[in-house]
Amino acid sequence: MLEIEREKLKKQIEVLEGEIPEKQYNRILMCVNDEIMKQEGEIRKKFSCNSRYCPICSNKLKVKEQRKMKKKLEEAEEKNYLIMTLNGNNVTENNLKYEIEDNNKAFTSLMRLGLFKNIVTGYIKAVEITYIKEKATYLPHLHIILLVKSNYRKYIKLNTDKEHIIEQWNSQKKSHGLFADIQSVRDIEKVMGYLTVSQKKRYTEIGQEETKGIIRAIRNKKRLYSYGGILSKK
């Protein structure tokens with residue numbers, strides 16, 4: 001088992017070399033080497049680089065962020081949620097960064113529409129990137145939790161307004177045929193399950209091309225999660 005994991009780690013390290021600053025790469029390399037030595041019983045304590053690109057530390061950072069999300073939702077007075085998925089366009093690696101930026105801008109514009117402006121008090125937004133191996137393209141999309149007022153049904157009826165929301169998303173994206181979905185959820189565990197299920201994959205479980213594209217798209221960004229409204233407050 002250790003040998004298999006070691007080979008996966010080796011491949012991920014190979015992807016990182018040259019894609020991130022050398023100093024950061026060396027810290028990750030030290031972290032991975034220490035992890036292998038710890039598993040083999042050669043050392044008791046290891047160095048942790050705490051980098052989101054690290055195949056060892058990235059999962060720990062995800063768990064930490066997920067706990068932060070849940071705490072914010074638990075402390076919020078409102079307990080009504082809408083979960084929303086918004087797909088961008090399939091793009092090549094060269095256009096991935098710009099498509100992610102365009103998705104975020106389109107989402108901001110969507111939230112300013114009367115349909116959402118009257119009901120949304122806060123949100124958590126997560127960017128996800130899927131690699132389409134058959135086409136050698138990337139599909140950036142958004143997973144969103146909308147914290148809404150208790151009387152939100154006065155302003156939005158999901159059964160009839162879903163098609164309108166899809167149309168509005170495509171309009172903001174200046175595109176057509178893009179997938180969008182929205183559902184109502186009350187249980188906080190289901191809310192967290194929706195937002196985190198796509199984030200559970202470790203770097204060691206995804207392909208090298210997918211990893212490389214993701215790194216190039218996000219290496220200049222501070223985070224892939226963002227908070228808005230009352231959920232942005234500490």
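## Leucine 115 in helix α5

Leucine 115 is found in helix α5. The model described here is a predicted one. With a relative accessible area of 16%, leucine 115 is buried, because buried means under 20%. Setting aside residues up to four places away in sequence, leucine 115 touches Tyr155, Ile156, Asp161, His164 and Ile165. For the last of these, isoleucine 165, the C-alpha atom is separated from that of leucine 115 by 8.6 Å, and the two residues are 50 apart along the chain.

## Overall make-up of the chain

The protein chain has eight helices and five strands. In sequence order these elements follow the pattern α-α-α-β-α-α-β-β-α-β-α-α-β.

Of the 234 residues of the protein chain, 47% count as buried. Among contacts between residues at least 6 apart in sequence, 74% join residues at least 24 apart.

## Nonpolar cores

In soluble globular proteins, nonpolar side chains tend to be buried together. In this model the largest nonpolar core has 32 residues, of which Met84, Leu86, Phe116, Leu146 and Trp169 touch the most other members. Two or more residues of this core come from each of β1 (80-87), α4, α5 (114-117), β2 (120-132), β3 (137-148), α6, β4 (180-185) and α8 (208-218). The most is given by α4, with six residues.

Methionine 84 touches Phe107, Leu110, Met111, Phe116, Leu142, His143, Ile144, Leu146, Asp181, Ile182 and Tyr194, when residues up to four places away in sequence are not counted. Apart from the largest core lies another, of 18 residues, including Ala76, Ile83, Ile145 and Val185.

## Valine 185 in strand β4

Valine 185, one of the members of the 18-residue core, lies in strand β4. Its relative accessibility is 12%, so valine 185 counts as buried.

Beyond its neighbours within four places in sequence, valine 185 is in contact with Asn80, Tyr81, Ile83, Lys190 and Val191. The C-alpha atoms of valine 185 and isoleucine 83 are separated by 7.0 Å, while the two residues are 102 apart along the chain.

## Packing of α4 and α6

Two packed helices are described by the angle between their axes and the distance between the axes. For helix α4 (residues 93-111) and helix α6 (residues 158-172), the angle is about 130° and the axes are 9 Å apart. The two helices are therefore oblique to each other, and the crossing of α4 and α6 is right-handed.

On the α4 side the contact is made by Asn103, Ala106, Phe107, Ser109 and Leu110, which meet Gln168, Trp169 and Gln172 in α6. By class, this contact has four nonpolar, four polar and no charged residues. Two of the residues named here recur in the core description: Phe107 is touched by methionine 84, and Trp169 is among the residues that touch the most other members of the largest core.

## Packing of α3 and α7

Helix α3 (residues 57-75) and helix α7 (residues 188-196) cross at roughly 145°, and their axes come within 11 Å. The crossing of α3 past α7 is right-handed.

Gln66, Met69, Lys70, Leu73 and Glu74 in α3 meet Ile188, Glu189, Val191, Met192, Leu195 and Thr196 in α7. By class, the contact of α3 with α7 has six nonpolar, two polar and three charged residues. Val191, one of the α7 residues in this contact, is also in contact with valine 185.

Conventions. Residues numbered from 1 in each chain as written. Predicted model: local features only at pLDDT ≥ 70, side-chain atom pairs only at ≥ 80, totals over all residues. Heavy atoms only, no water. Axes fitted to C-alpha atoms, helices over the stretch in contact; angles between N-to-C directions. Helix = DSSP H or I, 4+ residues; strand = E, 2+ residues; numbered from the N terminus. Parallel < 35°, antiparallel > 145°, perpendicular 65-115°, else oblique. Left-handed = near helix turned anticlockwise from the far one by under 90°. Contact = heavy atoms within 4.5 Å. Nonpolar A, V, L, I, M, F, W, Y, C, P; charged D, E, K, R; others polar. Core = buried A, V, L, I, M, F, W, Y, C linked by side-chain atoms within 4.5 Å. Buried < 20%, exposed > 50% of the residue type's maximum accessible area, 1.4 Å probe, protein only.
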